[in-house]
Amino acid sequence: MLRTKRIYEEPSVDDGIRILVDRLWPRGGLSKEKAEIDRWEKDLAPTSELRKWFGHDPAKWDEFLRRYRAELEGGKEEELARLRQEASEGTVTLLYAAKDEEHNNAVALKRYIGGGG
């Protein structure tokens, strides 16, 4: 099962494998220990150029999804296969820092992998 969650929310045993999928470490002085991540998949995050272009603007969401999909299809097969495998065996929570819980790269990645949303 694939889920998404803000990294600032309290970790839970229900999270399963916790994977940060942002290119930059979250702001606000959050320590890696407090975040309790299992790994940080920077390479699965949108490029800096795409992230800056999107700027979390919901009006750009559909185009962001298209551009991000193109980035994911450009050589991320191994990382994506690993995520799919882990999600088929248990719970994987994709962590993100954005305030918008509906328009962020973790939601887009979950949708791309096949977890809906």
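In the predicted model, helix α4 lies across strands β1, β2, β3 and β4, and runs at about 125° to β4. A second helix, α5, lies across β1 and β4, with an angle of about 175° to β1. The strands crossed by α4 are described next, followed by the helices and the cores.

The sheet is open and has four strands in the order β1-β4-β2-β3, with parallel pairing. The edges are taken by β1 (2–6) and β3, each of which has a single partner strand, so one side of each is left without a neighbour in the sheet. Strand β2, residues 17–20, is joined to β4 by four bridges, and the two strands run parallel. Strand β3, residues 39–40, also pairs with β2 in the parallel sense, over two bridges. Within β2, Ile-19 has a bridge partner in β4, Leu-94, and a bridge partner in β3, Arg-39. The bridge partner of Leu-20 in β3 is Trp-40.

The loop between β3 and α2 contains Glu-41. Glu-41 has a relative accessibility of 10% and therefore counts as buried, the limit being 20%. Not counting residues up to four places away in sequence, Glu-41 touches Ile-19, Leu-20 and Val-21, as well as Glu-79 and Arg-82.

Helix α3 consists of twelve residues and reaches 16 Å from its first C-alpha to its last, close to the 16 Å expected at 1.5 Å a residue. Its buried residues are Trp-61, Phe-64, Leu-65, Tyr-68 and Leu-72. These residues cover an arc of only 100° around the axis, which puts them on the same side of α3. As a general point, an α-helix has 3.6 residues a turn, so residues three or four places apart point the same way. The buried residues of α3 pack against three helices, α2, α4 and α5.

One of the buried residues of α3 is Phe-64, with a relative accessible area of 1%. With neighbours within four places in sequence left aside, Phe-64 is in contact with Pro-46, Leu-50, Trp-53, Phe-54, Asn-105 and Ala-108. The C-alpha atoms of Phe-64 and Ala-106 are separated by 12 Å, and the two residues are 42 residues apart along the chain. For Tyr-68, the contacts beyond four places in sequence are Leu-44, Ala-45, Pro-46, Leu-50, Asn-105, Ala-108 and Leu-109.

Trp-53, a contact of Phe-64, is found in helix α2. Its relative accessibility is 27%, so Trp-53 counts as partly exposed. Apart from neighbours within four places in sequence, Trp-53 is in contact with Lys-60, Glu-63, Phe-64 and Arg-67. Trp-53 and Val-21 are 32 residues apart in sequence, and their C-alpha atoms are 18 Å apart in space.

Helix α5 is mostly covered, with seven of its nine residues buried. The buried residues are Asn-105, Ala-106, Val-107, Ala-108, Leu-109, Lys-110 and Ile-113. The elements that cover them include β1, α3, α4 and β4.

In soluble globular proteins, nonpolar side chains tend to be buried together. In this model, the largest nonpolar core has 23 residues, and those with the most contacts inside it are Trp-61, Phe-64, Tyr-68, Leu-83, Val-92, Leu-94 and Leu-109. Two or more residues of this core come from each of α2 (48–54), α3 (61–72), α4 (77–89), β4 (92–96) and α5 (105–113). Another core lies apart from the largest one and has six residues, among them Ile-7, Ala-35, Leu-95 and Ala-97.

Terms used: Residues are numbered from 1 along each chain as its sequence is written. This is a predicted model: local features need pLDDT of at least 70, side-chain atom pairs count only at pLDDT 80 or more; totals for chains, interfaces and linings use all residues. Side-chain values use heavy atoms; hydrogens and water are left out. A nonpolar core is a set of buried Ala, Val, Leu, Ile, Met, Phe, Trp, Tyr and Cys residues joined through side-chain atoms within 4.5 Å. Buried means under 20% relative accessible area, exposed over 50%, partly exposed in between (1.4 Å probe, protein chains only). Contact means heavy atoms within 4.5 Å. Two strands pair if DSSP finds at least two bridges between them. Axes are lines fitted to C-alpha atoms, for helices over the stretch in contact, and angles run from 0 to 180 degrees between N-to-C directions. The expected span of a helix is 1.5 Å times one less than its number of residues. The arc is that of the directions from the helix axis to the C-beta atoms.
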